[in-house]
Amino acid sequence: MLKEGKTPLLSVRNLCVDFSSRGHVSPVVRDISFDLNAGEILAIVGESGSGKSVTSQALTGLLPEAPACTVRGSVKLAGKEILGLRERDLRKIRGKEIAYIFQDPLSSLNPTYSVGWQIEEMLKIHAPTMNGRERRARIGEVLEAVGIRAELANAFPHEFSGGMQQRVMIAMALAASPKILIADEPTTALDVTIQKQIMNLLLELREHFGMSVLLITHNFGIVSQIADRVCVFYHGEKVEEGPTRTVIDSPQNAYTRTLLACVPRLRN
Ligand SMILES: Nc1ncnc2c1ncn2[C@@H]1O[C@H](COP(=O)(O)OP(=O)(O)OP(=O)(O)O)[C@@H](O)[C@H]1O
Ligand SMILES: [Mg+2]
């Protein structure tokens, strides 16, 4: 039996996802297993269509229902099975235990409400015991944590630059103090300098809040800056996994070597 403290925060075993359309079944995630430990940053890297987003969405039941999509395997959060839970129970996990940030902040932010209002909605759902004053204090706290002045809670999404909008998304994700942050290509739409700032921010938040991060990206340059460990996906399978430095310095898989060849300066 595993000793207490040794149970991974998130443990994914033999995850398979099939999409079905008009009698044709496409397996897009094939027998994937990985662990995410408390306080760890784990990157999933792979080319477009390799199943990174589908894997992350399968974890909390964000995919279409059967028969369009079937998910098999096991996903344990702190030792408790969450795959196959009812939507009502999954909704309590999303945002509160496992929060997501996506590639394009504008598609996730509502243009008609201030950012403070949107963070407050998250808190009303996931921290229902907080009163208005406590919620306002928490909104200020999470905005400051991502480098935005608390007064800007009254501003609207279009008043922020792309990088600042992504910070707002991260503040929203942080609001309910999740244990795990899943960041799916959070900087693809941003320029390189802002990308770096957002990555540094994720590192700071890990230090500050002890959060675990599952970072999804196709960019090994980003992986090398921030991830403790990396899983490489190819055509829906995990083809390599290891500590970031080990994978970069001595990749075992031919596809990993191809990916790394695109960023030659990583290896010295
Ligand atoms: N709702 C869906 N119905 C059918 N097929 C889907 C659906 N969502 C994703 N797929 C397919 O699953 C495969 C994996 O997609 P996924 O979005 O996980 O790729 P990805 O690795 O995140 O790629 P990218 O880097 O482009 O975001 C793709 O072939 C995609 O077309
Ligand atoms: Mg994706």
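This is a short dialogue between a learner and a teacher on reading the features of one predicted model.

Q: Where should I start: how many helices and strands are there in the protein?
A: Happy to begin there. Keep in mind that the model is predicted. The protein has 10 helices and 10 strands. Its radius of gyration is 19 Å, close to the 18 Å that the globule rule gives for 268 residues, so the protein is as compact as a globular protein of that length. Along the principal axes, the C-alpha atoms fill a box of roughly 55 × 45 × 45 Å.

Q: Now the sheets. What is the order of the strands in the open sheet of four strands?
A: The general idea comes first: strands of a sheet pair through backbone hydrogen bonds, either parallel or antiparallel. Here, the open sheet of four strands has the order β2-β1-β4-β5, and its pairing is antiparallel. At the edges stand β2 and β5 (80-81), each of which pairs on one side only.

Q: How many bridges join β1 to β2, and how many join β1 to β4?
A: Strand β1 (residues 10-21) is joined to strand β2 (residues 24-36) by nine bridges. Eight bridges join β1 to strand β4 (residues 69-77). Both pairs run antiparallel. To find your place in the register, look at Ser11, which stands opposite Asp35 in β2. On the side of β4, Phe19 has Cys69 as its bridge partner, while Cys16 is partnered by Arg72.

Q: And what about β4 and β5: in which sense do they pair?
A: That pairing is antiparallel and runs over two bridges. One partnership to look up is Lys76 with Glu81 in β5. Helix α1 (residues 52-59) packs on this sheet, where it touches β1, β2 and β4, and its direction makes about 70 degrees with that of β2.

Q: Which residues take a positive phi in the hairpins?
A: As a rule, most residues other than glycine have a negative phi, and most peptide bonds are trans. In the hairpin of β1 and β2, with two residues between the strands, Arg22 has a positive phi near 45 degrees. The hairpin of β4 and β5 also has two residues between the strands, and there Ala78 takes a positive phi near 45 degrees. Away from these turns, have a look at Asn14: its phi is positive, about 50 degrees, although it is not a glycine. Asn14 sits in strand β1.

Q: Where is there a cis peptide bond?
A: Look between Ala66 and Pro67, where omega is about 5 degrees. Pro67 belongs to the loop between α1 and β4.

Q: What is the pairing in the sheet of six strands?
A: This open sheet has the order β6-β7-β8-β3-β9-β10, and its pairing is mixed. Its edge strands are β6 (98-101) and β10 (237-243), each pairing on one side only. From one strand to the next, the twist averages 15 degrees. For a parallel example, take strand β3 (residues 41-46) and strand β8 (residues 212-217), which pair over five bridges. Within that pair, Val45 has Thr217 of β8 as its bridge partner. Helix α1 appears again here: it lies across β3, β6, β7 (180-184), β8 and β9 (229-234), running at about 150 degrees to β8.

Q: Which residues surround ligand 1?
A: The shell consists of Phe19, Val28, Gly46, Ser48, Gly49, Ser50, Gly51, Lys52, Ser53, Val54, Pro64 and His218. The largest share, three residues, comes from α1. By character, the shell has four nonpolar residues, seven polar and one charged.

Q: One last feature: at what angle do α4 and α5 pack?
A: For a helix pair, you can read the angle, the separation of the axes and the handedness in turn. Helix α4 (residues 115-126) packs on helix α5 (residues 132-145) at an angle of about 115 degrees, and their axes are 10 Å apart. Their crossing is right-handed. On the α4 side, the contact holds Gly116, Ile119, Glu120 and Leu123, and these meet Arg135, Arg138, Ile139 and Val142 in α5. The residues of this contact divide into four nonpolar, one polar and three charged.

Terms used: Residues are numbered from 1 along each chain as its sequence is written. Chains are lettered from A and ligands numbered from 1 in the order in which they are written. This is a predicted model: local features need pLDDT of at least 70, side-chain atom pairs count only at pLDDT 80 or more; totals for chains, interfaces and linings use all residues. Two strands pair if DSSP finds at least two bridges between them. Two residues are in contact if their C-beta atoms, placed from the backbone, lie within 7 Å. Axes are lines fitted to C-alpha atoms, for helices over the stretch in contact, and angles run from 0 to 180 degrees between N-to-C directions. A residue is near a molecule or strand if its C-beta atom, placed from the backbone, lies within 6 Å of it. Ala, Val, Leu, Ile, Met, Phe, Trp, Tyr, Cys and Pro count as nonpolar, Asp, Glu, Lys and Arg as charged, and the others, Gly among them, as polar. A crossing is left-handed if the near helix is turned anticlockwise from the far one by less than a right angle, and right-handed if clockwise. The radius of gyration is taken over C-alpha atoms; the globule rule is 2.2 Å times the number of residues to the power 0.38.
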